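Here are my notes from going through this one. Have the viewer open while you read, since the points follow the sheet and then the rings.

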Amino acid sequence: VGVIGLGRMGRGVVNRFVAAGFGVVAYDRDPAAAAQLPPEATAVADVRALAATLRSPRVVFMLVPAGEPVEQTLFGDEGIVAELEPGDIVIDAGNSYFRDSVRRAAALEEKRIHFIDCGTSGGIGGEAEGYCLMVGGDAEPVQRVQPLFEALAAPGGFLHVGPVGSGHYTKMVHNAIEY
């Protein structure tokens, strides 16, 4: 699995994947963040190297700030979409606005690339306790990557809540209640 974004939650996600036995290829624009990866994970210099290192069909987890950083990571001049192929899966596990997720999914669907939006709750404690994952997307790609979600989730903390956009919508409601 590829992971883009190695902030506190991104590192926690990488560590849970490694602990579950998954191979991980990771990228962060800050080389110091990549230096903190466990030795079982492979750090790469850019998102294109990440895509080239993964076998097809690729699965790419993004934990980058919502808005323009997600746009650039996906569709920018050095974005990963240019390196992906039909059947690959992109999972936005950040706090993106649900309507942006629907729009991004439609753009990726034209390229036959699957998009899953995953509202992720748990903060830095999620690494030890597991995360609560609110997942939106088509059933087939969600089922394909369900073992990844189960590796990240706290017991009972994974739920496929509906079509694309519903994961980030549910997380927005969760945040409103929480705050």
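1. How many bridges join E4 to E5, and do they run parallel or antiparallel? There are four bridges between E4 and E5, and the two strands run parallel. One pairing to click on is Phe61, which stands opposite Ile91 in E5. Keep in mind throughout that this is a predicted model.

2. Now the sheet as a whole. It is open, has eight strands and mixed pairing, and the order reads E3-E2-E1-E4-E5-E6-E7-E8. The edges are strand E3 (42-43) and strand E8 (153-162), each of which pairs on one side only.

3. Back to E5 (89-92), this time for its side chains. Ile89 and Ile91 point one way from E5, while Val90 and Asp92 point the other way. All of these residues are buried, and that includes Asp92, so have a look at its surroundings: "buried" here means under 20% relative accessible area.

4. On its other pairing, E5 is joined to E6 by four bridges, again running parallel. Asp92 turns up here too, standing opposite Asp117 in E6. The chain gets from E5 to E6 through H5, in a right-handed β-α-β crossover. E4, H4 and E5 also make a β-α-β unit, and that one is right-handed as well.

5. The helices of those two units are worth a look against the sheet. Helix H4 (residues 68-75) lies across strand E1 (2-4), strand E4 (59-62), strand E5 (89-92) and strand E6 (114-121), and runs at about 160° to E4. Helix H5 (residues 98-109) lies across E5 and E6, at about 155° to E6.

6. Then the pairing sense switches. E6 and E7 pair in the antiparallel sense over five bridges, with Cys118 opposite Val135 in E7. Strand E7 (residues 131-136) is joined to E8 by five bridges too, but E7 and E8 run parallel. Val135 shows up on this side as well, opposite His160 in E8, and the bridge partner of Leu133 in E8 is Phe158.

7. Why call E7 largely enclosed by the rest of the structure? Five of its six residues are buried, so that description follows.

8. Last, the rings. The count comes to six aromatic pairs. Phe17 and Phe61 form an edge-to-face pair, 5.3 Å centre to centre with 75° between the planes. Phe17 lies in helix H1 (residues 8-19) and Phe61 in strand E4, so this pair ties together parts that are 44 residues apart in sequence. Both partners are buried: Phe17 has a relative accessible area of 0%, and Phe61 is at 1%.

9. Phe149 and Phe158 make a stacked pair, because their ring centres are 5.3 Å apart and their planes are at 15°. Phe149 counts as buried at 0% relative accessibility. Phe158 counts as buried too, at 19%, but check that value against the cut-off of under 20% before you lean on the label.

10. To tie the ring points together, ring pairs link Phe17, Phe22, Phe61, Phe149 and Phe158 into a cluster. Two of these residues also appeared in the sheet: Phe61 opposite Ile91 in E5, and Phe158 as the bridge partner of Leu133.

Definitions and conventions. Residues numbered from 1 in each chain as written. Predicted model: local features only at pLDDT ≥ 70, side-chain atom pairs only at ≥ 80, totals over all residues. Heavy atoms only, no water. Pairing = 2+ DSSP bridges. Contact = heavy atoms within 4.5 Å. Axes fitted to C-alpha atoms, helices over the stretch in contact; angles between N-to-C directions. Buried < 20%, exposed > 50% of the residue type's maximum accessible area, 1.4 Å probe, protein only. Right-handed = clockwise from strand over helix to strand, strands pointing away. Phe/Tyr/Trp six-rings, centres within 6.5 Å; stacked < 30°, edge-to-face > 60°.
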